[in-house]
Amino acid sequence: MAQYSRISGSVGLITLKSPPVNALSAVVRQGIVDTVEKALSDPKVKSVVICGQNGIFCGGADIKEFAGNMSGPPLVPIIHAIEAANKPMVAAIEGIALGGGLELALGCHYRVAHAKARLGLPEVTLGLLPAAGGSQRLPRLIGVPAALDLITTGRHVTAAEALQLGIVDQVTDHKTVDVAVKLALSVAGKPLDARRISTYLCPPLSALDPLFEEVMQKVRQRARGAIAPIACVQAVRAAAALPYAQGMEREKELMATLFTSGQARALQYSFFAQRAVSKWSTPSGARWDTSTPRPVHKVAVIGLGTMGRGIAVALAQAGLSVVTVEPQEKQLMEAKQAVSGMLERGAKKRGVAPPLNNITYNSNIQAVADVDLVIEAVFEDMALKKKVFQQLSVVCKPGTFLCTNTSALDVDQLASQTRTPELVVGMHFFAPANVMKLLEVVYGPRSSPQALATAMQLGKKIGKVSVAVGNCRGFVGNRMLKPYIEQAFFLLEEGATPELVDRALEEFGFSMGIFKVSDLSGLDVGWRVRKGDGLAEPRATGQSARIREGRRYSPLGDLLCEQGRFGQKTGRGWYQYSKPGGREPSSDPWFHSFLKEYRAKHGLVPRAIDHQEVLERCLYALINEGFRILEDGIAAGPEDIDVIYLFGYGWPSYRGGPMFYAGMVGLPKVLDRLEHYYQAHPDVPYLQPCTLLRRLVASGSPPVHKWREVIKKLHSQL
Ligand SMILES: CC(C)(COP(=O)(O)OP(=O)(O)OC[C@H]1O[C@@H](n2cnc3c(N)ncnc32)[C@H](O)[C@@H]1OP(=O)(O)O)[C@@H](O)C(=O)NCCC(=O)NCCSC(=O)C[C@@H](O)CCCCCCCCCCCCC(=O)O
């Protein structure tokens with residue numbers, strides 16, 4: 001709703017009231033219509049201030065409404081009426097003015113912002129464009145290049161930048177509404193024609209066509225298949241080339257296409273999924289709202305390899321006191337230099353002082369005696385990690401949370417090395433740990449709700465999207481990766497090339513195909529794991545070389561590793577590079593003849609494989625494992641899996657995550673194709689459709705937000 005009052009004798013005050021972010025729901029829009037009418041018809045009112053309750057101006061359109069039938073008065077005519085008003089309208093912006101919120105403010109004649117406010121048009125991140133005049137008013141106000149930047153990226157700007165760009169007229173440290181009222185009093189009765197942004201022409205630019213061509217090319221490259229950024233450029237182009245009314249027609253037309261697109265649905269789903277995962281629960285009944293985290297001020301990081309360094313930087317940048325431990329002196333010195341460099345570069349980017357003093361460097365584990373929480377990040381070796389946990393259990397003060405950054409090992413086994421298994425959880429960071437947003441927080445059967453809540457809260461504090469997951473080999477992300485990679489290997493055996501597989505995945509929207517990723521992260525990583533599992537042993541040729549434990553196995557990765565081809569670091573892998581450490585992959589004739597020989601040796605007759613088969617086999621195998629994870633209760637819901645893939649594995653955001661994507665494709669189709677491929681490859685258990693998928697299809701393939709009900713039923717029957 002919107003509340004109306006009259007203050008300072010002649011100022012009408014309209015307050016948007018719709019917690020938590022004063023989104024422009026149908027009720028709020030109706031409230032604005034009613035209160036503006038009141039203010040304009042009240043002869044005592046000479047000017048009007050619009051503000052939001054609780055220090056928040058407005059978070060934009062109510063995204064929840066987009067999924068249903070839109071009712072209530074539309075926003076565009078409301079903003080037109082405000083701009084056309086014959087009394088000065090002043091927006092008092094506190095907290096945020098985003099999307100429709102900023103568009104509402106742009107319809108006002110004046111804008112005052114609090115120094116801590118953030119403004120932006122983030123519609124593009126929801127698969128939309130600013131369609132309440134934002135794409136037409138902003139370029140007229142601040143010029144085409146600046147508007148293109150804000151609208152195509154959706155980035156938020158500070159009040160100071162907004163002032164510099166000309167989006168707001170005034171920035172204040174004081175009570176924004178008071179300052180806005182003062183301004184409203186001072187401009188009452190003054191002419192308003194020059195304050196109506198829709199009447200402006202975009203500031204002229206000499207070479208409009210080349211500018212738009214260049215921008216469009218850049219945006220297309222960055223968008224990798226996303227349609228909203230392209231539509232944003234087209235809308236701004238209309239602002240630059242057409243009169244306002246025609247520009248608004250174009251804005252509406254472009255929005256209509258985006259609004260009903262699957263991409264917008266996917267991006268809006270992921271907005272809510274990201275928020276849903278913070279409301280975690282576990283099968284044992286622990287929940288985010290009944291578990292109290294303990295405050296954490298001082299954190300230890302054990303091991304200063306690549307991961308440990310990134311974790312230490314992330315913690316220090318969030319203002320935590322960090323105690324690092326690395327027993328090898330040489331490694332410790334190198335790490336200190338590297339971490340300081342990372343902190344300095346990060347601080348320079350953000351224009352702040354580097355938090356160098358937040359970190360101490362130690363070679364003795366005794367240094368962690370008084371920390372609140374430890375993150376172990378030593379080499380991925382169970383025996384070594386067990387030893388560290390035994391030491392931590394003795395050294396740390398009672399009550400210290402003990403966390404491991406393992407990417408796949410059994411958290412429960414580590415917990416059993418300590419006297420306090422209830423204080424042990426996994427905190428699985430993704431490299432580079434100071435950059436990547438994802439954190440898997442892994443609870444074991446003995447982890448206490450408080451330990452889980454504390455790790456989740458710490459993740460939030462350091463800016464991560466944290467997802468609580470159960471303990472199993474590979475947790476959620478890496479467990480699902482296994483069938484995906486396995487299919488990619490099999491496709492090579494059957495006739496595909498790394499180039500073909502990668503192209504199909506990149507056209508789908510991944511920034512890199514699986515073989516390029518494998519070269520980047522190092523083929524030796526998986527090889528070590530397979531050797532540990534007793535899989536990667538040289539075998540005889542013929543059928544038995546490609547079978548392990550009764551199931552199909554491809555030794556291709558092992559054979560490359562035996563040749564010392566570890567990927568980028570050795571200059572050779574699935575591709576070749578100009579030198580060890582080179583980054584640009586190119587097709588490798590050696591690999592192609594090796595593959596030919598390999599197929600011949602194993603009696604494999606290559607066949608033509610198209611992009612559709614690559615996508616179906618790789619992605620549906622991964623999705624099938626996602627369903628198994630839900631079945632096993634390792635992830636609480638499909639949103640958890642999707643958020644993990646969106647933030648940790650480069651899944652294209654406009655496809656919503658693997659589980660959402662399965663729903664978009666249609667569960668019956670996913671089931672049918674898995675059945676088809678399983679029939680063709682009965683020795684590949686990952687292709688066998690799992691019970692939950694079958695159950696969902698049998699229940700009429702409900703939308704993704706209803707899956708939890710089916711999962712619950714399935715669990716109750718097990
Ligand atoms: C605002 C934030 C920055 C706050 O962040 P913070 O971390 O503090 O808190 P949370 O993110 O956890 O949020 C708290 C809480 O609030 C919910 N929420 C936040 N924003 C919204 C919102 N805009 N709508 C609804 N709900 C919101 C959030 O879900 C949390 O809820 P919970 O239950 O979990 O507690 C941050 O939240 C943020 O960034 N929000 C999003 C801001 C944003 O993107 N705004 C833009 C919205 S889109 C928009 O404004 C569009 C406009 O251009 C107007 C367009 C008008 C035309 C529309 C209709 C055209 C139809 C044409 C169709 C024709 C087709 C046909 O022919 O049929």
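The UniProt annotation "domain: 3-hydroxyacyl-CoA dehydrogenase NAD binding", taken from an unreviewed entry, covers residues 298-471. In this predicted model, that stretch is 38% helix and 23% strand, and its end C-alpha atoms lie 26 Å apart. A second UniProt feature, "domain: 3-hydroxyacyl-CoA dehydrogenase C-terminal", also from an unreviewed entry, is placed at residues 474-577 and 614-703. Over residues 614-703 the chain is 67% helix and 0% strand, with 26 Å between the end C-alpha atoms.

The chain as a whole is divided into domain 1 (2-259), domain 2 (298-473), domain 3 (496-601) and domain 4 (611-717). The centres of domain 1 and domain 2, taken over C-alpha atoms, are separated by 43 Å.

A ligand is present in the model, and it offers a good place to begin a closer look. Its surroundings consist of 30 residues, of which Gly 60, Ala 61, Gly 99, Gly 100 and Arg 275 are the closest. Two or more residues of this shell are given by each of β5 (96-98), α3 (100-107), α10 (244-259) and α11 (262-276). The largest share, 3 residues, comes from α10. In character, the shell divides into 19 nonpolar, 6 polar and 5 charged residues.

Two helices further along the chain deserve attention. Helix α17 (residues 477-494) has 18 residues, and at 1.5 Å a residue it should span 26 Å; the end C-alpha atoms are indeed 26 Å apart, so the expected and modelled spans agree. The buried residues of α17 begin with Gly 477, Arg 479 and Met 480, continue through Pro 483, Tyr 484, Glu 486, Gln 487 and Ala 488, and end with Phe 489, Phe 490, Leu 491 and Leu 492. Just after α17 comes Gly 495, with a positive phi of about 140°.

Helix α25 (residues 658-665) is largely enclosed by the rest of the structure, because 6 of its 8 residues are buried. These are Pro 658, Met 659, Phe 660, Tyr 661, Ala 662 and Gly 663. The neighbours they pack against are α11, α23 (611-632), α24 (638-648) and α26 (667-680). One of these partners, α11, also contributes to the shell around the ligand. Following α25 is Gly 666, whose phi is positive, near 110°.

Two single residues help to show how sequence and space relate. Arg 552 lies in strand β19 (residues 551-552). It is partly exposed, since 19 other C-beta atoms lie within 10 Å, where 20 or more would make a residue buried. Leaving aside neighbours within four places in sequence, Arg 552 is in contact with Phe 490, Arg 546, Ile 547, His 681, Asp 683 and Val 684. Phe 490 in this list is one of the buried residues of α17. Between Arg 552 and Ser 261, 291 residues apart along the chain, the C-alpha separation is 40 Å.

Leu 40, in helix α1 (residues 26-41), likewise counts as partly exposed, because it has 17 C-beta neighbours inside 10 Å. Its contacts, again leaving aside neighbours within four places in sequence, are Ala 85 and Lys 87. Leu 40 and Ala 415 are 375 residues apart in sequence, and their C-alpha atoms are 67 Å apart in space.

Some details of the backbone complete the picture. Most residues other than glycine have a negative phi, and most peptide bonds are trans. Against that background, a cis peptide bond joins Pro 19 and Pro 20, with omega about 5°; Pro 20 lies in the loop between β2 (11-16) and α1. Another cis peptide bond joins Ala 431 and Pro 432, with omega about -10°. Here Pro 432 sits in the loop between β15 (424-429) and β16 (438-443).

Positive phi values also turn up in residues other than glycine. Glu 549 has a phi of about 50° and is found in the loop between β18 (547-548) and β19. With 8 C-beta neighbours inside 10 Å, Glu 549 counts as exposed. Ser 701, with phi near 50°, belongs to the loop between α27 (691-698) and α28 (707-717). Its 18 C-beta neighbours inside 10 Å mean that Ser 701 counts as partly exposed.

Note on methods:
Residues are numbered from 1 along each chain as its sequence is written. This is a predicted model: local features need pLDDT of at least 70, side-chain atom pairs count only at pLDDT 80 or more; totals for chains, interfaces and linings use all residues. A residue is near a molecule or strand if its C-beta atom, placed from the backbone, lies within 6 Å of it. Helices (H or I, at least four residues) and strands (E, at least two) are DSSP runs, numbered from the N terminus. Ala, Val, Leu, Ile, Met, Phe, Trp, Tyr, Cys and Pro count as nonpolar, Asp, Glu, Lys and Arg as charged, and the others, Gly among them, as polar. Domain bounds come from an automatic or database domain assignment. UniProt positions are given in the numbering used here, feature names are shortened, and annotations may be inferred rather than shown by experiment. A residue is buried if 20 or more other C-beta atoms lie within 10 Å of its own, exposed if 12 or fewer, and partly exposed in between; C-beta atoms are placed from the backbone. Two residues are in contact if their C-beta atoms, placed from the backbone, lie within 7 Å. The expected span of a helix is 1.5 Å times one less than its number of residues.
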